[in-house]
Each structure stands twice: as structure tokens, then as C-alpha cells.
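The exercises below ask you to read a fold step by step, from its sheet and helices to its pockets and its enclosed space. Please work through each task with the structure open before you turn to the solution.

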Amino acid sequence: MPAFDPLDTSDRDSLSVREVADRFIEVFYNQNRLSDAFRAWVHPDYIQHDPNSLTGRDGTISVLDAHMARHPEMQHHVKRVIYDDDGYVVVHFHFEPSPGALGSAAIDIFRIEGGYLVEHWDVIQPVPDPATTKNHNGMF
């Protein structure tokens, strides 16, 4: 059996929300191929709620390309993914702009419809130095 290609969108209409999300997550977060994931899985009329990004797929890709240029060694460490029955997917992850950096704890919320990511919200919080925290529970 050939290896699974998470960029294969040929059966987009038959995929569940979870299948679309899992393919996007593989390319975007795990393979760190942000623009490729967007070109494959994000609708051209994507609604972006992050005030630091343009709305629409192509506008967001331009922001992602600039972000990748500033952080060529960045990593996304997915900690958990939550799927609901209404087409929403929540990805909780640790963003490291460079290896070993404290980075940020982030949550991306996507709405998926018709085999596409069509809408996005996010919440981002800097990871503090562990020596300065008031508890040792960690952020992840």
C-alpha cells in the first residue's frame, strides 16, 4: 500500500471534519509546512479572526511566509486536539520560535466545512521561565 499523502485533497467532499483536520495538522504542525497546508486545506475565502493576519487564504499565506522567514527553525508541538460535532477543531500546542526557546502556549480554533478550513481564531500566551511561576503544574 502506498504511503498516505496528507496533501491529497481529491476526496475532500467525502472526508469527515476529523479527517480534514488530521491532514491539515500533519502538514501544518507536524511537518512545519505552513503554506503547503494552507494551499491544500484552507478555503480561498477563509475568515481570519487573528488581528495580526489578513483575512482570506492568500493573505494569511503571506503572513505565514514572513513568519517562517523570521523563524526558520520554529517547531509546533501539538499537545492535544479536540473535535466537536459542529465542525470545530481545537489544537493546543507549544510554539517554539527556535530550538529550546520558551516560546508560547497557543490554541488554534478552526471551523471546517465542505472539506475546507473556513474560519480561524487563536489564543496565544508566552511560556514563562519556570523559576518565576507560582505553581509547577506547567502549561501543557
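## Exercise 1: The largest pocket

H1, H2, E1, H3, E3, E4 and E5 each contribute at least two residues to the lining of the largest pocket. The model is a predicted one, and the task here is to describe this pocket by its volume, its lining and the class of its residues.

*Solution.* Step 1: begin with the space itself, since the largest pocket has a volume of about 520 Å³. Step 2: turn to the lining, which consists of 25 residues, with Asp50, Leu64, His67, Asp122 and Ile124 lying nearest the centre of the pocket. Step 3: ask which element gives the most to this lining, and the answer is H3, with 5 residues. Step 4: sort the lining residues by class, which gives 13 nonpolar, 8 polar and 4 charged.

## Exercise 2: The sheet

Work out the order of the strands, name those at the edges, and examine how E5 pairs with E1 and with E4.

*Solution.* Step 1: follow the 5 strands across the open sheet, where the order is E1-E5-E4-E3-E2 and the pairing is mixed. Step 2: look for strands that have a single partner strand; these are E1 (42–48) and E2 (75–83), which stand at the edges, so one side of each has no neighbour in the sheet. Step 3: consider the turn between neighbouring strands, which is 25° on average when direction is ignored.

Step 4: compare the two pairings of E5. E1 and E5 run parallel and are joined by 3 bridges, and Gln48 stands opposite His120 in E5. Strand E4 (residues 104–113) and strand E5 (residues 116–126), by contrast, run antiparallel and are joined by 10 bridges. In this second pairing Ala105 stands opposite Gln125 in E5, while Arg111 has Glu119 in E5 as its bridge partner. Step 5: finish at the hairpin of E4 and E5, which has 2 residues between the strands, and where Gly114 takes a positive phi near 60°.

## Exercise 3: The packing of the helices

Determine how H2 is oriented against H1 and against H3, and say which residues make each contact.

*Solution.* Step 1: two packed helices are described by the angle between their axes and by the distance between those axes. Step 2: apply this to helix H1 (residues 17–30) and helix H2 (residues 34–41), whose axes are 8 Å apart and which pack at an angle of about 155°. Angles over 145 degrees count as roughly antiparallel, and H1 is therefore roughly antiparallel to H2. Step 3: list the residues that meet, which are Val20, Arg23, Phe24, Val27 and Phe28 in H1 and Leu34, Asp36, Ala37, Phe38 and Trp41 in H2. By class, this contact has 8 nonpolar, no polar and 2 charged residues.

Step 4: repeat the reading for H2 and H3, whose axes come within 9 Å and cross at roughly 170°. H2 and H3 are therefore also roughly antiparallel to each other. On the side of H2 the contact is made by Leu34, Ser35, Phe38 and Arg39, and on the side of H3 by Arg57, Thr60, Ile61, Leu64, Asp65, His67 and Met68. This contact has 5 nonpolar, 3 polar and 3 charged residues.

Step 5: place two of the helices on the sheet. H1 lies across E1, E2, strand E3 (88–96), E4 and E5, and runs at about 170° to E2, whereas helix H3 (residues 57–70) lies across E1 and E3, and runs at about 80° to E1.

## Exercise 4: The cavity and the second pocket

How many cavities of 30 Å³ or more does a search of the whole structure find, and what lines the largest cavity? Describe the second largest pocket as well.

*Solution.* Step 1: the search finds 1 cavity of that size, and the volume of the largest cavity is about 40 Å³. Step 2: its lining is made up of Ala21, Phe24, Ile25, Tyr29, Val89, Val91, Phe110, Ile112 and Leu117. H1, E3 and E4 are the elements that give two or more residues to this lining, and H1 has the largest share, with 4 residues. Step 3: by class, the lining of the largest cavity has 9 nonpolar, no polar and no charged residues.

Step 4: the second largest pocket holds about 210 Å³ of space, and its lining includes Leu102, Val127, Pro128 and Phe140. By class, that lining has 6 nonpolar, 5 polar and 1 charged residues.

Definitions and conventions. Residues are numbered from 1 along each chain as its sequence is written. This is a predicted model: local features need pLDDT of at least 70, side-chain atom pairs count only at pLDDT 80 or more; totals for chains, interfaces and linings use all residues. Side-chain values use heavy atoms; hydrogens and water are left out. Axes are lines fitted to C-alpha atoms, for helices over the stretch in contact, and angles run from 0 to 180 degrees between N-to-C directions. Angles under 35 degrees count as roughly parallel, over 145 as roughly antiparallel, 65 to 115 as roughly perpendicular and the rest as oblique. Contact means heavy atoms within 4.5 Å. Ala, Val, Leu, Ile, Met, Phe, Trp, Tyr, Cys and Pro count as nonpolar, Asp, Glu, Lys and Arg as charged, and the others, Gly among them, as polar. Two strands pair if DSSP finds at least two bridges between them. On a 1 Å grid over the protein atoms alone, a cavity is a set of points where a 1.4 Å probe fits but cannot get out, and a pocket is an open set with protein on both sides within 12 Å along at least five of seven lines; lining residues have an atom within 4 Å of a point. Grid points are joined across faces, edges and corners, and a volume is the space filled by probe spheres set on the points.
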